[in-house]
Amino acid sequence: SGLMVLNIFKNTMAVDMPIKNHTSQTKAGTSMKVLAAITLMGAVAFGAASHATESHDQKQITCIADNIYWEARNQNPKGMIAVGLVTINRVFDKRYPNTACEVVHQGPTRPSWKNQSISYPVKNRCQFSWYCDGKAEKVPEADKDVYEIARMIAFKVYYINSRWDFTNGATHYHADYVTPSWAATKTKTITIGNHIFYRWEK
């Protein structure tokens with residue numbers, strides 16, 4: 001059931017990662033343990049997900065999964081989960097759109113020169129750069145398993161009932177080899193892999 005999936009994932013987090021009202025040191029082998037737990041629960045997760053409303057819930061899960069994959073496919077499992085949490089944290093923040101898909105696709109648009117009723121995102125101006133970098137979003141065959149893990153994480157993030165957020169409310173992040181101007185105005189919360197996470201204070 002969906003509840004079983006949440007419990008499996010939450011128990012894994014409680015052992016190896018800090019969650020709400022719980023602190024721990026990340027142990028050696030955490031990434032592999034989490035990866036194994038996510039993989040094992042996959043069939044159960046999508047059995048439950050099949051009961052979601054296809055026109056809405058599954059679409060939102062896909063948007064979160066896309067964001068996790070394209071933003072964090074080279075990160076460890078905890079880093080992938082963190083990007084999912086940032087996505088959903090923005091959904092819960094009134095300063096951002098109300099759905100995961102709107103959050104992921106947020107950015108300025110321009111009308112098509114062929115059809116003025118159709119709009120396209122302005123290149124390199126989106127909240128999440130992969131969405132409007134001008135490149136095709138096609139998952140390579142070699143990465144199919146990675147994308148399925150992203151979908152399993154997205155399912156968990158979308159359906160979670162409690163706020164088990166080890167990013168401490170992060171709404172932003174950037175790679176550690178860049179320093180965007182907005183970083184100075186946000187509160188740093190955690191570093192995972194080569195991503196540094198921040199919270200936009202209310």
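## Packing of helix 5 against helix 7

Helix 5, spanning residues 77-91, packs with helix 7, spanning residues 144-159, at an angle of about 45°, and their axes lie 10 Å apart. The model from which these values were computed is a predicted one. Two packed helices are described by the angle between their axes together with the distance between those axes. An angle that is neither under 35 degrees nor over 145, and that falls outside 65 to 115, counts as oblique, and helix 5 and helix 7 are therefore oblique to each other.

The crossing of helix 5 and helix 7 is right-handed. On the side of helix 5, the contact is made by Pro77, Met80, Ile81, Gly84, Leu85 and Ile88, while helix 7 contributes Val146, Ile149, Ala150, Ile153 and Val157. Sorted by character, the residues of this contact between helix 5 and helix 7 comprise 10 nonpolar, 1 polar and no charged.

## The three-stranded sheet

An open sheet of 3 strands is arranged in the order 3-5-4, and its pairing is antiparallel. Strand 3 and strand 4 (187-192) are the edge strands, each of which pairs on one side only. From one strand to the next, the twist averages 25°. Strands of a sheet pair through backbone hydrogen bonds, and they may do so in either a parallel or an antiparallel manner.

Strand 3 (residues 172-175) and strand 5 (residues 195-199) run antiparallel and are joined by 4 bridges; within strand 5, Ile196 is the residue that stands opposite His174. Strand 4 and strand 5 also run antiparallel, and here 5 bridges join the two, with Phe197 of strand 5 serving as the bridge partner of Ile190.

## The two faces of strand 3

In a regular strand the side chains alternate between the two faces of the sheet. In strand 3, His172 and His174 lie on one side and Tyr173 and Ala175 on the other, and since all of these residues are buried, both faces of the strand are covered. His174, the residue opposite Ile196 of strand 5, is thus one of the buried residues of strand 3.

## Gln106 in its loop

Gln106 is found in the loop that runs between helix 6 (100-104) and strand 1 (109-111). Because its relative accessibility is 23%, Gln106 counts as partly exposed, the cut-off for a buried residue being under 20%. Gln106 and Phe128 are separated by 22 residues in sequence, and their C-alpha atoms are 7.9 Å apart in space.

Methods
Residues are numbered from 1 along each chain as its sequence is written. This is a predicted model: local features need pLDDT of at least 70, side-chain atom pairs count only at pLDDT 80 or more; totals for chains, interfaces and linings use all residues. Side-chain values use heavy atoms; hydrogens and water are left out. Axes are lines fitted to C-alpha atoms, for helices over the stretch in contact, and angles run from 0 to 180 degrees between N-to-C directions. A crossing is left-handed if the near helix is turned anticlockwise from the far one by less than a right angle, and right-handed if clockwise. Contact means heavy atoms within 4.5 Å. Ala, Val, Leu, Ile, Met, Phe, Trp, Tyr, Cys and Pro count as nonpolar, Asp, Glu, Lys and Arg as charged, and the others, Gly among them, as polar. Buried means under 20% relative accessible area, exposed over 50%, partly exposed in between (1.4 Å probe, protein chains only). Two strands pair if DSSP finds at least two bridges between them.
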